[in-house]
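Subject: Structure handover and findings

Hello,

Here is the structure I said I would pass on. Please open it alongside this message.

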Amino acid sequence: RRGYSVDTSHSYFKDLLTKTYAPERVAATGCPQHRHASGTIMLASDLALLEDPAFKAVVEEYASDQDAFFRDYTSAWVRLQELGTAGLRDAL
């Protein structure tokens, strides 16, 4: 994550695999997070993706293959947008 910017690419997955994050607490809230020297912040839930072999395999795939990430992201986004509708795609 780069602050609060929106980055629809596979850089999140590359960052998970290539950067080292130091644990810290947010001064204002005391909530835990992990920070790289560049300022990139990850939560425990982000880093947990590397602990499970099945999720780590997906992280590795997306980090090395942006087309695979875009294919799956697009499919998930379309399903999310069409949730609870019938024939929306055909109506467009």
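My notes on it follow, from the overall fold down to single contacts.

Keep in mind that this is a predicted model.

Overall fold

The protein chain has five helices and three strands. Along the sequence they run α-β-β-β-α-α-α-α. The chain has 92 residues, and 21% of them are buried. About 6600 Å² of the protein chain is exposed, with carbon and sulfur atoms supplying 58% of that area. Take the contacts between residues at least 6 apart in sequence: 43% of them join residues at least 24 apart.

Helix H1 and its neighbours

Start with helix H1, residues 11–18. Ser11, Phe13, Asp15 and Leu16 are buried there. What do the buried residues of H1 pack against? They meet strand E3 (41–42), H2, helix H3 (53–64) and H4.

Asp15 has a charged partner as well. It forms a salt bridge with Lys19, with the closest N and O atoms 3.7 Å apart. Both Asp15 and Lys19 are buried.

Helix H2

H2 spans residues 44–47 and includes Asp46. Is Asp46 buried or exposed? Its relative accessible area is 4%, so Asp46 is buried. A polar atom of the Asp46 side chain lies 2.8 Å from the backbone nitrogen of Leu43.

Aromatic cluster

The count of aromatic pairs is six. One of them joins Tyr62 and Phe69: the ring centres are 5.6 Å apart and the planes meet at 70°, so this pair is edge-to-face. Phe69 also pairs with Phe70. That second pair is tilted, at 5.7 Å centre to centre and 45° between the planes.

Burial varies along this run of rings. Tyr62 is buried at 13% relative accessible area. Phe69 is buried at 9%. Phe70 has 28% relative accessibility, so it counts as partly exposed.

Ring pairs link a whole cluster: Tyr12, Phe13, Tyr62, Phe69, Phe70 and Tyr73. Phe13, then, belongs to this cluster and is also among the buried residues of H1.

Salt bridges

Side chains of opposite charge can pair when their charged atoms come close. The salt-bridge count here is four. Asp15 with Lys19, described above, is one salt bridge. Another joins the side chains of Glu61 and Arg71, at 4.0 Å from N to O. Glu61 lies in helix H3 and Arg71 in helix H4, so this pair ties together parts that are ten residues apart in sequence. Arg71 also meets Asp72 in a salt bridge, at 3.1 Å from N to O. Glu61, Arg71 and Asp72 are thus linked in a network of salt bridges.

How accessible are Glu61, Arg71 and Asp72? Glu61 is partly exposed, with a relative accessible area of 34%. Arg71 counts as partly exposed at 48%. Asp72 counts as partly exposed at 28%.

Surface patch

Which residues form a nonpolar patch on the surface? They are Tyr73, Trp77, Leu80 and Leu83, with about 460 Å² of accessible area together. Leu80 sits in helix H4, which covers residues 66–82. Tyr73 is in the patch and in the aromatic cluster too.

Best wishes

Notes: Residues are numbered from 1 along each chain as its sequence is written. This is a predicted model: local features need pLDDT of at least 70, side-chain atom pairs count only at pLDDT 80 or more; totals for chains, interfaces and linings use all residues. Side-chain values use heavy atoms; hydrogens and water are left out. Helices (H or I, at least four residues) and strands (E, at least two) are DSSP runs, numbered from the N terminus. Buried means under 20% relative accessible area, exposed over 50%, partly exposed in between (1.4 Å probe, protein chains only). A polar contact is a pair of N or O atoms within 3.5 Å; within protein, one must be able to donate a hydrogen and the other to accept it, and residues adjacent in sequence count only if both atoms are side-chain atoms. Rings of Phe, Tyr and Trp (its six-membered ring) pair if their centres lie within 6.5 Å; planes under 30 degrees apart count as stacked, over 60 as edge-to-face and the rest as tilted. Contact means heavy atoms within 4.5 Å. Accessible areas come from the Shrake-Rupley method with a 1.4 Å probe; for residues, only the protein chains shown count as cover. Patches are made of residues with over 30% relative accessible area and no salt bridge: like charges are joined within 9 Å, nonpolar side chains (Val, Leu, Ile, Met, Phe, Trp, Tyr) within 5 Å.
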